[in-house]
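Okay, everyone, thanks for coming. Let me put the model up on the screen, and then I'll walk you through the parts I'd look at.

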Amino acid sequence: MNQKENNKHDSQGLAYNPRNAWLLCGDDEEKMRAFTSRYLDFLSVCKTERETVRYVEETLKKAGFKNDPKADCYVATLRGKALFAARRGKTPLEKGLSLIAAHADSPRLDLKQRPLLEQVDVLQAKTHYYGGIRKYQWLSRPLALHGVVVKESGETVQIALGEEEGDPVFCVADLLPHLAQKQVEQSVKDAFEGEKLNIVFGHRFVSDEKDGTEKGDEEPKGSIKKGILALLHEKYGIREEDLITAELEVVPSGRARTVGLDRALLGGYGQDDRICVFTALEALLHGDGNGRTQAVMFWDKEEIGSDGATGASSRFLQYCVEDITESWAPGTSPSHVLLNTWALSADVTAAIDPDFQELHEKQNAARLGYGPCFSKFTGSRGKYGSSEADAEFFARLRGILNAKNIPWQVAELGKVDSGGGGTVALFLAAWGMQVIDLGPALLAMHSPFELSSAVDVYATYLAYQSFFAAM
Ligand code: MN
Ligand code: MN
């Protein structure tokens, strides 16, 4: 951001006010727009954790990162769903890493193991939702199918259908208002059932008769499923049993876009938390090896509690740190490297919603356009289920951003007794690291079309870059 007068204190320099990032961006606006336009491209093509990890690994490899921990720029992936990368710095490794950790998974609808269900002239694919969704937001909108099907032979088929011009899309058909009299009187919780999030998958009836015609007045023999299975076999060489072991995710179809007449907002699926993946990746790419070792960790499974081999509660990060310690600083204890690490838990927070302002405690809530937001702790109702950053670490980070005139703000997620949420911070804190949450605020978080502020995306990138550069 521009070196304008630091106006966040009052005339006496004593009181504090957060600064509007739009007023700070000045000549940087063109750079900011170029950056956010690349971000929208990234969001449009990375709609699953696997697609995101593949994009990040390819980008890092083009920049000279290698899968070999002996190389000074190291990248490692696990099962194609989690990624660690580090650039060796001149500062001894025993001083710890400067680590930015984000998550690459987002809420969505996953296909069930036996998804195909034919009833009343429609073939549907049954789903089990993943993460915290508001079910009604997924109804009657174009959806795409992304994921992998692995055959018994081990051959993997990549699927991304419903994104290109000319591709078919999928959808969950919502109930018409004429028949929704009873539903509109139910609570939202009761009105929308997970078991009814069935994807419209096909409709063309295929006869069992060889010549395709039907005899007499009887109900015709045949099915829609027969035609769909034939199409799946023709296009991907797969059978119904292959769907059982597949990982197929149903996500909103279409590109991420600018929003508003001034294009100052960015709308798209999966900004929680690919916004932090992208900004952290860019910060790493533009870092250098002069100071502390710079690292990123992108996890999967955050939206369902961080369990599993590719989630933040796994040992993957520790193993990666052990590998680089053995290569770069033999004799150093990996546990000291972890203990001395400075970490940012890079995740989004909730911006004050103009239509639901009463749900926030406004003085301690995030605002769109005020830069990335620190959350000293997360959790809920009495700080349960949270780590909390130390005053020393938080103060140092504030100094790092102030020195570069990068706007920032602080927030809690909603009111004390009603809000709350979790991030990966507590998993990092378990290794004894210094850690705090820092990421941009979103409107409509966890919806199929989340909104961020363009200036916050750029300021988040600058904040991560300055965190990496700090000694
Ligand atoms: Mn998140
Ligand atoms: Mn989330």
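Let me start with a warm-up: in which loop is R263 found? R263 is in the loop between β12 (257-259) and β13 (265-268). Keep in mind that this is a predicted model. What caught my eye is the backbone: R263 has a positive phi of about 55°, and it is not a glycine. R263 counts as exposed, because its relative accessibility is 52% and the cut-off for exposed is over 50%.

Now for the metals. Take the manganese ion that is ligand 1. Its protein donors are H103 through NE2, D272 through OD, and D347, which is listed twice through OD, at 2.1 to 2.5 Å. Along the chain, those donors follow the spacing H-x168-D-x74-D. D272 lies in helix α7, while D347 lies in the loop between β15 (342-345) and β16 (349-350), so this pair ties together parts that are 75 residues apart in sequence. And are those two buried or exposed? D272 is buried, with a relative accessible area of 3%, and D347 counts as buried too, at 7%.

On to the other manganese ion, ligand 2. Here the protein donors are D272 (OD), E303 (OE), listed twice, and H446 (NE2), and they lie 2.1 to 2.6 Å from the ion. The spacing in this case reads D-x30-E-x142-H. E303 sits in the loop between β14 (293-299) and α8 (316-328), and H446 in the loop between β20 (441-442) and β21 (450-453), so that pair ties together parts 143 residues apart in sequence. E303 is buried, at 12% relative accessible area. H446, at 19%, counts as buried because the cut-off is under 20%.

You'll have noticed a name that came up twice. Which residue bridges the two manganese ions? That's D272, and the ions, ligand 1 and ligand 2, lie 3.4 Å apart.

If you're setting up a geometry check, here is the textbook reference. Ideal angles at a metal are 109.5 degrees for four tetrahedral donors, and 90 or 180 degrees for six octahedral ones.

The backbone around these donors has some oddities as well. D272 and D273 are joined by a cis peptide bond, with omega about 15°. D273 is found in helix α7, which covers residues 271-285. Then there's H446, another non-glycine with a positive phi, this one about 70°.

Let's zoom out to the sheet. What is the strand order? It goes β1-β2-β14-β3-β15-β19-β17-β18, an open sheet of 8 strands with mixed pairing. At the edges stand β1 (73-78) and β18 (409-410), each with a single partner strand, so one side of each has no neighbour in the sheet. Inside that order, β17 (residues 373-375) runs antiparallel to β19 (residues 434-439), and 3 bridges join them. If you want a register check, S375 stands opposite D437 in β19.

Helices lie across this sheet. Our friend α7 lies across β2 (82-87), β3 (97-103), β14 and β19, running at about 150° to β3. Helix α12, residues 454-469, lies across β3, β14, β15 and β19, and also runs at about 150° to β3.

Last stop: strand β6, residues 143-150. How many of its 8 residues are buried? 7 of them are, so β6 is largely enclosed by the rest of the structure. β6 runs antiparallel to β11 (residues 247-252), with 6 bridges joining them, and G147 stands opposite L248 in β11. β6 also pairs with β7 (residues 156-161), again antiparallel and over 6 bridges. In that pairing, H146 stands opposite A160 in β7. The hairpin of β6 and β7 has 5 residues between the strands, and G154 there takes a positive phi near 100°.

If you take one picture home, make it D272: it coordinates both manganese ions, it is buried at 3%, and a cis peptide bond joins it to D273. Okay, that's my tour; over to you.

Conventions: Residues are numbered from 1 along each chain as its sequence is written. Chains are lettered from A and ligands numbered from 1 in the order in which they are written. This is a predicted model: local features need pLDDT of at least 70, side-chain atom pairs count only at pLDDT 80 or more; totals for chains, interfaces and linings use all residues. Side-chain values use heavy atoms; hydrogens and water are left out. Donors are N, O and S atoms within 2.8 Å of the metal (3.2 Å for Na, K and Ca); water is not among the atoms, so sites may look incomplete. Helices (H or I, at least four residues) and strands (E, at least two) are DSSP runs, numbered from the N terminus. Buried means under 20% relative accessible area, exposed over 50%, partly exposed in between (1.4 Å probe, protein chains only). Two strands pair if DSSP finds at least two bridges between them. Contact means heavy atoms within 4.5 Å. Axes are lines fitted to C-alpha atoms, for helices over the stretch in contact, and angles run from 0 to 180 degrees between N-to-C directions.
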